[in-house]
Amino acid sequence: MINTNIVDLLKQRIQTIPSEDGVNVLVGPIKLPVNLGGETVTFQWYCWLPLKSDAARVCLSNPDTETLIEQLSSYNLAEKQQSSVLVYGDFVYSEEALIRMHSICHTGDIFGSKRCDCGYQLEQSMKMVVAHGSGALFYLANHEGRGIGLFSKAMAYLLQENGLDTVEANLELGFADDARDYSDAIGILRHLRQKPVTLITNNPKKLEALKSSGMNVAGRMPLWGDQSEFNAKYLRTKVERSGHFGEREKRRNLS
Ligand SMILES: Nc1nc2c(ncn2[C@@H]2O[C@H](COP(=O)(O)OP(=O)(O)OP(=O)(O)O)[C@@H](O)[C@H]2O)c(=O)[nH]1
C-alpha cells in the first residue's frame, strides 16, 4: 500500500498516452536547470516509459498512479534505457518551435568522442532551441548506433578501423544500416504541441517520419560542424551512402 500523499503528489504529473503498440507513461514537467556553455538555462523535463502488451493492458484498464508505483520496481528500469525530452519556452502556444530528435550516442554525447559529430550536435541544438525562444530536444535512448545498441556499435567501430564504412559495418554484423523508430517520440511531441515545428537535422528520414505522422512540419534547420580528421569519413558516408542532406543544402521551408 503506497502512502496516499505520495500518490496525490505524483499523479498530477503523470499521464498515459496511447502508442502504436501499447502506452507511453509520461512524467513531468520537472524543472531542470542546465549548464549550457557556462550559462544556466532552465528547461522543463519530461521522461516517458513505453509499456507494451501485458503491462500496457494493465495500465489501460486501470490507469492509476498507485498501480504504476507498485509495479515500478518489477520493471528493472536501470537495466533498460528511457527516453526523455527537454522543453524550452512557451512550447504549447508559441507560433514557431525548433525540435531536435537526438539519437543517443554514448561515445559522442558522454565521452566527447570525435569519431562522430553527435556531442557537438547535442550541445549546439540545445543552444539553437534556447536562442529561438521555444522548442524541444528529444533524447532518444533506444537509438544507440542507429538502433543497433552500444555493444554492437563497439564491434562496428572495430570493423571501421579495418576499412569498412559505417553502413558496411552495420550490414556485415547483420543489422540494417538504420533501424531507428521515431513513433513513440512523435507521439509525445504531438501530445505536447500541435502547432508547427521546424526540425533540426540533416537526416531526410527523420523529416519524413515526422511528416508522415501528420505532424505540422514547417521546415528543416541543418546542423553541421565539428568536422575533423577523426570524423571526416563518417560525415562523408552520411551524405554519400545514408542520403543525408549535404552541408550546402539550404534550410528548407516546407510551408
Ligand atoms: N552504427 C554506428 N552508429 C554510429 C556511429 N557513429 C555514430 N553512430 C550513431 O549514429 C546515431 C546518430 O546518427 P547520425 O547518422 O550521426 O545522425 P542522424 O541522427 O541520422 O542525423 P542528424 O539529425 O542530422 O544528426 C547515434 O545513435 C550514434 O550512436 C558508427 O560509427 N556506427
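**Exercise 1. In this predicted model, identify the residue of S4 that is the bridge partner of Trp-48, and describe how strand S4 is placed among its neighbours.**

*Solution.*
Step 1. Trp-48 has Ser-83 of S4 as its bridge partner.
Step 2. Strand S3, residues 39-52, and S4 run antiparallel and are joined by five bridges.
Step 3. Strand S6, residues 135-140, also runs antiparallel to S4, again with five bridges. One pair here consists of Ser-84 and its partner Tyr-139 in S6.
Step 4. The side chains of S4 can be sorted by direction: Ser-83, Val-85 and Val-87 point one way, while Ser-84, Leu-86 and Tyr-88 point the other way. Residues on both sides are buried.
Step 5. Because six of the six residues of S4 (83-88) are buried, this strand is largely enclosed by the rest of the structure.

**Exercise 2. Determine how strands S1 and S2 are connected and paired, and locate the cis peptide bond that precedes Pro-29.**

*Solution.*
Step 1. The connection between S1 and S2 is a hairpin through two residues.
Step 2. S1 (residues 14-19) and S2 are antiparallel, with six bridges between them.
Step 3. As one instance of this pairing, Ile-17 is matched with Asn-24 in S2.
Step 4. Pro-29 belongs to S2, which covers residues 22-36. The peptide bond leading from Gly-28 to Pro-29 is cis, and its omega is near 5 degrees.

**Exercise 3. Asn-76 and Arg-146 each have a positive phi without being glycine. Establish for each residue where it is found and whether it is buried or exposed.**

*Solution.*
Step 1. For Asn-76, phi is about 55 degrees. This residue is found in the loop between helix H3 (65-72) and S4.
Step 2. A residue is exposed if 12 or fewer other C-beta atoms lie within 10 Å of its own. Asn-76 has 8 such neighbours inside 10 Å, so it counts as exposed.
Step 3. For Arg-146, phi is about 60 degrees. Its place is in helix H6.
Step 4. The cut-off for a buried residue is 20 or more other C-beta atoms within 10 Å. Arg-146 has 22 and is therefore buried.

**Exercise 4. For Glu-229 and Ser-53, find the exposure class, and then state how far each lies from a residue distant in sequence.**

*Solution.*
Step 1. Glu-229 lies in the loop between strand S8 (217-221) and H11. With 7 other C-beta atoms within 10 Å, Glu-229 is exposed.
Step 2. Along the chain, Glu-229 and Lys-114 are 115 residues apart, yet 8.9 Å separates their C-alpha atoms.
Step 3. Ser-53 is part of helix H2, residues 53-61. Its 9 other C-beta atoms within 10 Å make Ser-53 exposed.
Step 4. Between Ser-53 and Asp-21 the sequence separation is 32 residues, and the C-alpha to C-alpha distance is 7.1 Å.

**Exercise 5. Describe the surroundings of the ligand: which residues come nearest, which elements contribute two or more residues, and how the shell divides by residue type.**

*Solution.*
Step 1. There are 24 residues around the ligand, and those that come nearest are Ser-103, Cys-105, Thr-201, Asn-202 and Asn-203.
Step 2. Helices H5 (118-132), H6 (144-147), H7 (150-160), H8 (166-172) and H11 (232-240) are the elements that each give two or more residues to this shell.
Step 3. By type, the shell holds eight nonpolar, eleven polar and five charged residues.

**Exercise 6. Characterise the protein as a whole, and then the region that carries a UniProt domain annotation.**

*Solution.*
Step 1. The protein contains eleven helices and nine strands.
Step 2. A compact globule of 255 residues would have a radius of gyration near 18 Å; the value for the protein is 19 Å, which agrees. Its C-alpha trace spans about 60 × 40 × 35 Å along the principal axes.
Step 3. Of the 255 residues, 31% count as buried.
Step 4. Among contacts with a separation of 6 or more, 66% are between residues 24 or more positions apart.
Step 5. An unreviewed UniProt entry carries the annotation "domain: GTP cyclohydrolase II" for residues 75-222. Over these residues the chain is 41% helix and 18% strand, with the end C-alpha atoms 38 Å apart.

Key:
Residues numbered from 1 in each chain as written. Predicted model: local features only at pLDDT ≥ 70, side-chain atom pairs only at ≥ 80, totals over all residues. Helix = DSSP H or I, 4+ residues; strand = E, 2+ residues; numbered from the N terminus. Rg over C-alpha atoms; globule rule 2.2 N^0.38 Å. Contact = placed C-beta atoms within 7 Å. Pairing = 2+ DSSP bridges. Near = placed C-beta within 6 Å. Nonpolar A, V, L, I, M, F, W, Y, C, P; charged D, E, K, R; others polar. UniProt positions renumbered as here; feature names shortened; annotations may be inferred.
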